[in-house]
Amino acid sequence: MSRGALQPSQQKLAEKFTILNDRGIGMLTRIYNIKKQGQVWKACGDPKAKPSYLVDKNLESVVKFIVRKFPAIETRNNNQQLTQLQKEKSEILKNLSLYYFTFVDVMEFKDNVSELLNTIDACQVFFDVTVNFDLTKNYLDLVVTYTTLMMLLSRIEERKAIIGLYNYAHEMTHGASDREYPRLGQMIVDYENPLKKMMEEFVPHGKSLSDALISLQMVYPRRNLSADQWRNAQLLSLISAPSTMLNPAQSDTMPCEYLSLDCMEKWIVFGFVLCHAVLNTDPAALSLWKLALQSSTCLCLFRDEVFHIHKACEDLFVNIRGYNKRLNDIKECKEQALSQAGTMHRERRKFLRSALKELATVLSDQPGLLGPKALFVFMALSFARDEIIWLLRHADNIQKKSTDDFIDKHVAELIFYMEELRAHIRKYGPVMQRYYVQYLSGFDAVILNELVQNLSVCPEDESIIMSSFVNTMTSLSVKQVEDGDMFDFRGMRLDWFRLQAYTSVSKASLGIADHRELGKMMNTIIFHTKMVDSLVEMLVETSDISIFCFYSRAFEKMFQQCLELPSQSRHSISFPLLCTHFMSCTHELCPEERHHIGDRSLSLCNMFLDEMAKQARNLITDICTEQCTLSDQLLPKHCAKTISQAVNKKSKKLTGKKGEPEREKPGVESMRKNRLLVTNLDKLHTALSELCFSINYVPNMVVWEHTFTPREYLTSHLEIRFTKSIVGMTMYNQATQEIAKPSELLTSVRSYMTVLQSIENYVQIDITRVFNNVLLQQTQHLDSHGEPTITSLYTNCNGHIAYFPAMKAFVNLPTENELTFNAEEYSDISEMRSLSELLGPYGMKFLSESLMWHISSQVAELKKLVVDNVEVLNQMRTSFDKPEQMAALFKKLSSVDSVLKRMTIIGVILSFRSLAQEALRDVLSFHIPFLVSSVEDFKDHIPRETDMKVAMNVYELSSAAGLPCEIDPALVVALSSQKSGHCNNIHCLAKAVNQIAAALFTIHKGSIEDRLKEFLALASSSLLKIGQETDKMTTRNRESVYLLLDMIVQESPFLTMDLLESCFPYVLLRNAYHAVYKQSISSSA
């Protein structure tokens, strides 16, 4: 190879392109952050966010002076004006150094780019994107990056103030200007109008740039087709030609097939602006430029910074002689872009939705096709990404009155299918690796070796590189994939990049322009190597949509539109998944923005998942409401109307009057006359199934090292709503003490639970966990949020009631005030069982504790009465066999009626508790019969000599299962804490006497049996004495009191009928029963 003074192989073009392009993106990121999100202010023009010395009124005149004189420095003649600056100089140097040196870095970047462009011109490098793709792409990327960087720099309003302030502060501190300031200041002034300046700058580079751009004439028009042309060509379809389905997707321009359209348009628009002279001489160049101008009204400079093409081009060309034709071209293209571009892109998105859906469906069924058809997948991703970015950019910068073309409610579907394809590639990466490892070693290596052998001239350096390519590919084997070996072809790709640079310069011994087949083959091989070791990087290159991070408002609006449209809600998961892209837009040269972008991705992902879960929760709640309404129709209380109508039918025949319209029976809603008839419940279920598909789409997603689980959001919302719904369904009114019947509430809760259980058909969540968390909390006094539960609500209800043992229920007693609370509707055995179902053993235990608290308060009052009469009672205890003395002592007792009343209240409470315990036992016997029978057996076989502490533990277990115990443990606990069916409920005294006695004697460690025998002796002696009295007042209700003694013995587990008969004749009891019965018959008559 002939090498002159300038040796191309020593210029390291490939390395310089790689480094400068990466650094250019880093500089763009820094400049963007200075303009938008820097440390000093978050957005230019926000006075509150700017540093004090940019808005301080004392410094305002100084800043204006510096900007007006910029870049000149005048410190001697304006000492008075700059005095204030002297005080702030150290603070200015500290805070503005980061920004100042970023501008210096931009200047150095510009110098390096200019040097590289001059080297390329000197080497007369050949550019053709279809042959030396990497070299041409990197060259065009560098030109566009350089252009956008200088344009973005010119948009920073405070650039002169920042640079000028820093330099003045530097001069005041160090006695001299910063050494970079003269060149930096001049650059800022020169690039006030960056494109105009760069048009002059690129005159010498016109030939290289125009050649590179014109090579796009075979690529760009083929990519920029209408949806109809795509449809006719059956683009991206795997099933259009079944016979070739297994054939590998091939192209002579492999990397160009998935090259971003947005990227090419930036190359063309900016490139031909910089070398505009070629537009007048080359029809191919003009054709490319016009086609790009017709496709968009604005281009992306960087992130959400845009460039309005037509206006900028008009402003640049209007002052150039002989450019009237170009100005007319611009106007025509603008009109066409405004009138047709929106429609064209809308149709493209419509086509891509169906094409990507077909592609994703086929690949999910046959993932093996990812091997031969990988190119189709990356083309689909690139095409879809271009259309989404175009829509996002233009919707935010609308230049026409009609906005219909920029509102796409189905964009979520397109994003969803992109995410599905991305997921397939990540999941089946090893499948693709196996395919392409075999492809590289068994086909590509052989073909490349033949091409190299057939080269007429092959210098030593180039020969070594190409031989290494062949050896690298030949050494590959499937076993490496199976063993999980890591592949790394970055060195091979960089060598190919170097080889392109060596063979593209003029006078190269091996010119790539003369060996196009070699270039095309190597481009294909490079694509195949990426399929083995760079799938993640390929996904970022072709389908990264992190730009949504900078269009937050549009992003959220698209999400809301997606949720509002039932047919699109199944694709709503694509929005949280997009948040996983955000971190890929960060750059190592600007680490400070990582935290900001990371936080934004987390907050948006959290918001989207939360909104999805709320929407699903609301739909489930609506379905539950409908189902509760249907269940309510089946309640027994509604059959009265049906019976009434049946009776009225007969009377209609007799009277001839028109009766009420016949009431619809429950279940009518399930009778369909027409399949097209859609009920509200159908719509709710459809909407729910669509949304649940989205929530269930991925088990979890990782956003900035945080893991999100969509299903947990739904579970959390269901728990909160279920809790509120259960309490709400009690319909408790504190003012009127109204509350839903337990049986009706249980029916509603079961309907609610049935609907919630059906959710498991849509989403893989553990609904049993929801039930356990919610229903267990409802058995406590307060839930985890400190709110009242159904246990506390039902425990607080009360009324003026009487107990009827035969009915096993309480009934209302007539009072002056009308009661809204019907005791018989709430306290019969079926209602108590329903209550036990709802509250469970924990809730019923709390109910018992509440009842015991009331009993303990009555016992406290009884104790006071005993203390008041203690002397008389002690005398009566020793004189029970002396009737005359007993009669005299009885008259000395005070507050006898109060004792009777309080004991009756205790009996009523214990009777209600007995009902509740019996209901609990019935419920538990149904649910856990074996466990209940074991507890019952354990209780029944406690030896009498068992230690009382042990016995109390057994009683507590039995009581929790609803079993009756000789000693009530709840009552023992309540009383031990105090260590400091007749209308009058008199029949409840028996239960009160026995339970209170057992509890008190247990607390005071006395013999319960002995004490009760003593009580029986005293009571029988007193009653026998009454039998001998003749005074009517004394003998009033004598027979009823005899029966009460009998009931006490029957209720007691410690007293027997034999013991009673030994001290009280049974004949008196028989006569008493007869007398009471006759009295009840006469009173009812």
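# A walk through the helices and salt bridges

Let us start with a puzzle: D444 is a buried residue without a salt bridge, and the nearest side chain of opposite charge, R493, is 11 Å away. The model you are looking at is predicted, so everything said here about D444 and its surroundings describes that prediction. To find this residue, look in helix 19. Once neighbours within four places in sequence are set aside, the contacts of D444 are Y439, M473, M521, I525 and H528. A salt bridge here requires a side-chain nitrogen of Lys or Arg within 4 Å of a carboxyl oxygen of Asp or Glu. R493, at 11 Å from D444, is the nearest side chain of opposite charge.

One of those contacts, M473, leads us on to helix 20, since M473 is among the buried residues of that helix. The others are E462, I465, M466, F469 and V470. When you look down the axis of helix 20, the buried residues fall within an arc of 135 degrees, so they line one face of the helix. Turn to the other side of helix 20 and you meet E460, I464 and N471, which are exposed. What lies over the buried residues? The cover includes helix 19 (429–453), helix 22 (490–504) and helix 23 (516–533). Helix 19, then, is part of that cover, and it is also the helix where we found D444.

Helix 20 also lets us check a length. It runs over residues 460–474, which makes 15 residues, and at 1.5 Å a residue these should span 21 Å. The C-alpha atoms at its ends are 21 Å apart in the model, which agrees with that expectation.

Now for charges that do find a partner. Side chains of opposite charge can pair when their charged atoms come close. In this model the count comes to 44 salt bridges, and a few of them are worth visiting.

Begin in helix 16 (residues 324–365), where D329 and R326 sit three residues apart and are therefore separated by about one helical turn. These two form a salt bridge, with their closest N and O atoms 3.0 Å apart. Are they buried or exposed? Both D329 and R326 are buried.

Helix 16 takes part in another pairing as well, this time through R346, whose partner D405 lies in the loop between helix 17 (374–395) and helix 18 (411–427), so the pair ties together parts that are 59 residues apart in sequence. The closest N and O atoms of D405 and R346 are 2.4 Å apart. The partners sit in unlike surroundings: D405 counts as buried at 8% relative accessibility, whereas R346, at 32%, counts as partly exposed.

A third salt bridge joins R179 and E180, with 3.9 Å between the closest N and O atoms. Here R179 counts as exposed at 75% relative accessibility, while E180 is buried, with a relative accessible area of 17%. This pair does not stand alone, for D111, R179, E180 and R183 are linked in a network of salt bridges.

A few more buried residues help to fill in the picture. In helix 4 (residues 83–123) you will find S114, which counts as buried at 18% relative accessibility. Beyond residues up to four places away in sequence, S114 touches Y146 and E201. In helix 6 (residues 159–174) there is L165, buried with a relative accessible area of 1%. L165 and L93 are 72 residues apart along the chain, yet their C-alpha atoms are separated by 8.5 Å.

Further along, T1002 has its place in helix 42 (residues 989–1003). T1002 is buried, with a relative accessible area of 12%. Its contacts, not counting residues up to four places away in sequence, are M948, M952, I967, V972 and I1008.

Finally, how confident is the prediction? The mean pLDDT of the protein is 85, and 86% of its residues reach 70 or more. Over residues 1–5 the pLDDT is below 50, and this stretch has ten contacts in the model beyond near neighbours in sequence. Residues 38–46 likewise stay under 50 in pLDDT, and for them the model has 29 contacts beyond four places in sequence.

Terms used. Residues numbered from 1 in each chain as written. Predicted model: local features only at pLDDT ≥ 70, side-chain atom pairs only at ≥ 80, totals over all residues. Heavy atoms only, no water. Helix = DSSP H or I, 4+ residues; strand = E, 2+ residues; numbered from the N terminus. Expected span 1.5 Å × (residues − 1). Buried < 20%, exposed > 50% of the residue type's maximum accessible area, 1.4 Å probe, protein only. Arc of directions from axis to C-beta. Contact = heavy atoms within 4.5 Å. pLDDT = per-residue confidence, 0-100. Lys, Arg positive; Asp, Glu negative; His and termini not counted.
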